[in-house]
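Colleague: Please take a close look at the pockets in this model. Which residues and elements line them?

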Amino acid sequence: MKKLIFATNNAHKLEEVRAMLEPQYSIISLDEIGCHDDIPETADTLEGNALIKAKYIFDKYGLDCFADDTGLEIDALNGEPGVYSARYAGEACIPEDNIKKVLQLLGDNADRNARFRTSIALILEGKIHYFEGKVEGYIESSPKGEQGFGYDPIFTPQGYDKSFAQLSAGEKNEISHRGLAIKKLVEFLQH
Ligand code: IMP
């Protein structure tokens, strides 16, 4: 089985990605290679941050690896929180704080269009490749559902009447930003 480092320790992401890439690839987390460094995500684009993370691992360990960065882009908030999605409500915030901030800023604005966008940077044999996935949808007026993570309870994908947090992991992977980006990565790795 080929080994690929996924430059993350996010258990939700690892589970999603392993479900799509195993058994062809063994996906190794940062914990599993003993990397506990706090890799700074200082770029102002998703692509830039994905590359920073992948390059950090490649430079330090010389291993084939990929990293992702995801943002929720809300039209009525001029694309925010975007690249700042993780810490939108402040450095030490929890997902519920971010959700609260989004709902407060949106208020009863009728334009609730939004999308999740994921950029993946893969470094394979020293060469950089990018893959993008996005899913259009809208922001609910209040959180719905218990599955998933992050902004899932307030994001409903287009054509659905359930938020991401009301879909099973399998249903979400089929249509999600990260699922689509990973599918492109998988197709690339298989050909
Ligand atoms: P990351 O930099 O890729 O970890 O993503 C930044 C932030 O976007 C995370 O901290 C989450 O708040 C949010 N996020 C990323 N992926 C998802 C998802 O699939 N559902 C909901 N929120 C997500």
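Modeller: A term before the pockets: helices here are DSSP runs of H or I with at least four residues, numbered from the N terminus. Lining residues are those with an atom within 4 Å of a pocket point. Note that this is a predicted model.

Start with the largest pocket. Its space comes to about 1200 Å³. The lining holds 41 residues, and closest to the centre are Lys13, Glu41, Asp69, Ala86 and Arg87. Which elements supply at least two residues each? They are α2 (46–61), β3 (65–74), α3 (95–106) and α5 (177–190). The strand β3 makes the largest share, with four residues. Sorted by class, this lining has 15 nonpolar residues. Polar and charged residues number 13 each.

Now the second largest pocket. Its volume is about 210 Å³. Here 14 residues form the lining. His12, Glu15, Glu16, Gly148 and Ala169 sit closest to the centre of this pocket. Two or more residues come from each of α1 (11–21) and α4 (169–175). The helix α1 gives the most, four residues. By class, the lining splits into five nonpolar, five polar and four charged residues.

To recap by element: β3 gives the largest share of the lining in the largest pocket, while α1 gives the most in the second largest pocket.

How values were computed
Residues numbered from 1 in each chain as written. Predicted model: local features only at pLDDT ≥ 70, side-chain atom pairs only at ≥ 80, totals over all residues. Heavy atoms only, no water. 1 Å grid on protein atoms, 1.4 Å probe; cavity = no way out; pocket = protein on both sides within 12 Å on 5 of 7 lines; lining within 4 Å. Points joined across faces, edges and corners; volume = space filled by probe spheres on them. Nonpolar A, V, L, I, M, F, W, Y, C, P; charged D, E, K, R; others polar.
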